[in-house]
Amino acid sequence: MAAGVLADATDPWIRWDWVGRHIPVITAALLQHVELTAIAVGAGLLISVPFALWAWRVPLVRDPVFAVSGILYTIPSLALFAMLVPFTGLSTLTSEIGLVSYTLLILIRNIVTALDGVPADVREAAEGMGYTKLRQLVRVELPLAVPVIVAGIRIATVTTIGLVTVTALIGQGGLGQLILEGLIRDFRTPLVVGSVLSVALAAVADLGLLGVQRLITPWANRRR
């Protein structure tokens, strides 16, 4: 956000005249927040699926995969961004590497748990029909696991929306930029706007994915 966009103000929690004049700034911050979140969750899912399938198929690698993803999850976000900046700079790549790493533990564990939850009799029936391992996975196990996997995506998405605000410290951050500018300038309006929109975005994403989960659950149950 360009310097000087935010002006000095007195004490009111919200100045609607400021909001009206800065709709493009607020909209740009919101769109960047959505973009950073979508990229992080999408990339995290692409990385998590093969590792989760590997961990699920090969019990010996399950604990190491969980351990590595758990270590990444426990690294404080500011420390992780600080370690990345010398190599990738104050860039979107830096923020996405950090954000993606925090999705892996949630998604990998959730996918493995979802596949473990497929009833044994359903697997036996698929094997009795001559399904190969790959066909059984694609046609039977993954469809039955989808509702639980979506539940994990919900958690990862809401968590990522919150973490995106922290990336404002490296020049990204979407709505976090408004929060940071409000704190720096001691100006409540952008602070309130950024905070309220972040919470609203998380709530909308959670409710939307909950709706998707409820829609696909009956479909998955019919496949049992």
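## Starting at helix H8

Let's begin with helix H8, which covers residues 175-185. Its buried residues are Leu 175, Gly 176, Gln 177, Leu 178, Ile 179, Glu 181 and Gly 182. Right after H8 comes Asp 186, and the phi of Asp 186 is positive, near 55°.

Leu 175 also turns up in a nonpolar core of eight residues, which includes Val 19, Ile 26 and Ala 29 as well. That core lies apart from the largest one, and the largest one gets its own section below.

## The chain as a whole

Keep in mind that this is a predicted model. The protein chain has nine helices and zero strands, so to speak an α-α-α-α-α-α-α-α-α pattern when read along the sequence. Taken along the principal axes, the C-alpha atoms fill a box of roughly 75 × 40 × 20 Å.

How much of the chain is buried? Of the 224 residues, 43% are. As for contacts with a separation of 6 or more, 75% of them are between residues 24 or more positions apart.

## H2 against H3

Helix H2 runs over residues 23-57 and helix H3 over residues 59-74. Their axes are 5 Å apart, and the two helices pack at an angle of about 135°. An angle between 115 and 145 degrees falls in the oblique class, and H2 and H3 are therefore oblique to each other.

On the H2 side, the contact is made by Phe 51, Trp 54, Ala 55, Trp 56 and Arg 57. On the H3 side, the partners are Pro 59, Val 61, Arg 62 and Val 65. Sorted by class, this contact has seven nonpolar, no polar and two charged residues.

## H4 against H5

The next pair is helix H4, residues 77-88, and helix H5, residues 92-116. Their axes come within 9 Å and cross at roughly 140°, so this pair, too, is oblique. The crossing of H4 and H5 is right-handed.

Which residues make the contact? H4 brings Ser 77, Leu 80, Phe 81, Leu 84, Val 85 and Thr 88, while H5 brings Leu 93, Thr 94, Ser 95, Ile 97, Gly 98, Ser 101 and Tyr 102. By class, that comes to seven nonpolar, six polar and no charged residues.

Ser 77 sits in H4 and counts as buried because its relative accessibility is 17%, under the 20% cut-off. Setting aside neighbours within four places in sequence, Ser 77 is in contact with Tyr 102 and Val 166. Tyr 102 is one of the H5 residues in the contact with H4.

## The largest nonpolar core

The largest nonpolar core holds 26 residues. Which of them touch the most other members? They are Ile 108, Val 112, Leu 115, Ile 149 and Ile 153. The elements giving two or more residues to this core are H2, H3, H5 and helix H7 (133-164). H5 supplies the largest share, 10 residues. As background, nonpolar side chains in soluble globular proteins tend to be buried together.

Ile 108 is a handy residue to click on. Leaving out neighbours within four places in sequence, Ile 108 is in contact with Ser 48, Phe 51, Ala 52, Val 65, Phe 66 and Ser 69. Among these, Phe 51 and Val 65 also take part in the contact of H2 with H3.

## Two buried residues: Ser 48 and Arg 154

Ser 48 lies in helix H2. Is Ser 48 buried or exposed? With 0% relative accessibility, Ser 48 counts as buried. Beyond its neighbours within four places in sequence, Ser 48 is in contact with Leu 104, Leu 107, Ile 108 and Ile 111. Ser 48 and Val 68 are 20 residues apart in sequence, and their C-alpha atoms are 12 Å apart in space.

Arg 154 has its place in helix H7. Why does Arg 154 count as buried? Because its relative accessibility is 18%, and buried means under 20%. Not counting residues up to four places away in sequence, Arg 154 touches Asp 206, Leu 209, Leu 210 and Gln 213. From Arg 154 to Leu 210 there are 56 residues in sequence, yet C-alpha to C-alpha the two are 7.3 Å apart.

How values were computed:
Residues are numbered from 1 along each chain as its sequence is written. This is a predicted model: local features need pLDDT of at least 70, side-chain atom pairs count only at pLDDT 80 or more; totals for chains, interfaces and linings use all residues. Side-chain values use heavy atoms; hydrogens and water are left out. Axes are lines fitted to C-alpha atoms, for helices over the stretch in contact, and angles run from 0 to 180 degrees between N-to-C directions. Helices (H or I, at least four residues) and strands (E, at least two) are DSSP runs, numbered from the N terminus. Angles under 35 degrees count as roughly parallel, over 145 as roughly antiparallel, 65 to 115 as roughly perpendicular and the rest as oblique. A crossing is left-handed if the near helix is turned anticlockwise from the far one by less than a right angle, and right-handed if clockwise. Contact means heavy atoms within 4.5 Å. Ala, Val, Leu, Ile, Met, Phe, Trp, Tyr, Cys and Pro count as nonpolar, Asp, Glu, Lys and Arg as charged, and the others, Gly among them, as polar. Buried means under 20% relative accessible area, exposed over 50%, partly exposed in between (1.4 Å probe, protein chains only). A nonpolar core is a set of buried Ala, Val, Leu, Ile, Met, Phe, Trp, Tyr and Cys residues joined through side-chain atoms within 4.5 Å.
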